[in-house]
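Good morning, colleagues. Please take a moment to look at the sequence and the structure on the screen, and then I shall go through them.

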Amino acid sequence: LAARETGGDWQYGGGRRRPDWAAEVAIGAFLLVIYDRVAWPARVGPALAIGHGRDLLALSPEGFEKAADHLLAGIHWLYAPAAYYYDLAHINITMAVFVGAYLWRAPIYRQARSALVVVNLIGLAVFWLYPAAPPRLLPDAGFVDIVSKSGTWGSYEASGEVGERANAFGSMPSLHLAWAVWVALTVMTMTRR
């Protein structure tokens with residue numbers, strides 16, 4: 001899709017039509033089904049994901065992650081807000097920008113949607129090929145699992161099992177980080193300043 005600037009407005013091929021919403025919903029549903037199949041906890045055992053998580057942790061410089069984790073762990077009143085942010089902000093903010101692009105910046109929507117689909121497919125491929133538990137779920141790694149201690153709806157405390165949630169083994173690459181970068185780039189593209 002070739003974009004060109006005419007009179008200050010971005011247009012795709014001279015048109016400003018939005019894609020059919022039903023097709024866009026179908027793309028989203030397809031990604032959710034694929035995610036569900038790839039990230040389903042029963043597909044991999046915790047031992048494999050924990051082993052991969054330990055291997056990745058060994059590659060990272062020691063100190064910063066654990067220091068940040070322990071700093072937050074010392075601020076008990078921040079547990080619930082941090083856990084809710086972790087569980088909800090990435091999806092809600094990403095979807096708000098996604099819908100905003102569809103409604104108010106249709107000319108850039110297709111590129112933004114395609115980029116988000118590619119980012120998710122890359123993440124899902126890595127989740128499938130190399131499931132890895134995040135540091136907070138690695139036994140005896142010295143990290144405090146703020147999410148489980150928060151008592152929020154996203155807490156693992158109720159089950160006590162690593163992997164009860166679908167994304168427990170999808171820590172690398174971080175879709176939280178990838179979506180945050182996508183949001184920043186999309187908002188920059190959607191705005192004039």
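**The contact of H4 with H5**

Let me begin with a pair of helices: the axes of helix H4, residues 79-104, and helix H5 come within 7 Å and cross at roughly 145 degrees. On the H4 side, the contact is made by Thr-94, Met-95, Phe-98, Ala-101, Tyr-102 and Trp-104. H5 contributes Ala-106, Tyr-109, Arg-113 and Leu-116. By character, the residues of this contact divide into eight nonpolar, one polar and one charged. I should state at this point that the model is predicted.

One residue of this contact deserves its own remarks, namely Thr-94, which has its place in helix H4. Is Thr-94 buried or exposed? Its relative accessibility is 1%, and Thr-94 therefore counts as buried, the cut-off for buried being under 20%. Which residues does Thr-94 touch, leaving aside its neighbours within four places in sequence? They are Ala-89, Leu-116, Trp-179, Trp-182 and Val-183. Leu-116 is also one of the H5 residues in the contact of H4 with H5.

Let me now step back to the whole chain. The protein chain has seven helices and two strands, and along the sequence these follow the pattern β-β-α-α-α-α-α-α-α. Of the 193 residues in the chain, 34% are buried. Among contacts with a separation of 6 or more, 76% are between residues 24 or more positions apart. The accessible surface of the chain comes to about 11,600 Å², and 66% of that area belongs to carbon and sulfur atoms.

On that surface, I would draw your attention to a nonpolar patch formed by Leu-177, Val-181, Leu-185 and Met-188. Together, these four residues have about 420 Å² of accessible area. Leu-177 lies in helix H7, which covers residues 175-190. With a relative accessible area of 56%, Leu-177 is classed as exposed, because the class begins over 50%.

My last item is a matter of backbone geometry. Where is Asp-140 found? Asp-140 is in the loop between helix H5, residues 106-129, and helix H6, residues 146-150. The phi angle of Asp-140 is near 60 degrees, a positive value in a residue other than glycine. Asp-140 has a relative accessibility of 81% and so counts as exposed.

To close, I would set two residues side by side: Thr-94 is buried at 1% relative accessibility, whereas Asp-140 is exposed at 81%. Thank you for your attention.

Notes. Residues numbered from 1 in each chain as written. Predicted model: local features only at pLDDT ≥ 70, side-chain atom pairs only at ≥ 80, totals over all residues. Heavy atoms only, no water. Helix = DSSP H or I, 4+ residues; strand = E, 2+ residues; numbered from the N terminus. Buried < 20%, exposed > 50% of the residue type's maximum accessible area, 1.4 Å probe, protein only. Patch = residues over 30% accessible without salt bridge, like charges linked within 9 Å, V, L, I, M, F, W, Y side chains within 5 Å. Areas by Shrake-Rupley, 256 points an atom, 1.4 Å probe, with all protein chains shown as cover. Salt bridge = Lys/Arg side-chain N within 4 Å of Asp/Glu carboxyl O. Axes fitted to C-alpha atoms, helices over the stretch in contact; angles between N-to-C directions. Contact = heavy atoms within 4.5 Å. Nonpolar A, V, L, I, M, F, W, Y, C, P; charged D, E, K, R; others polar.
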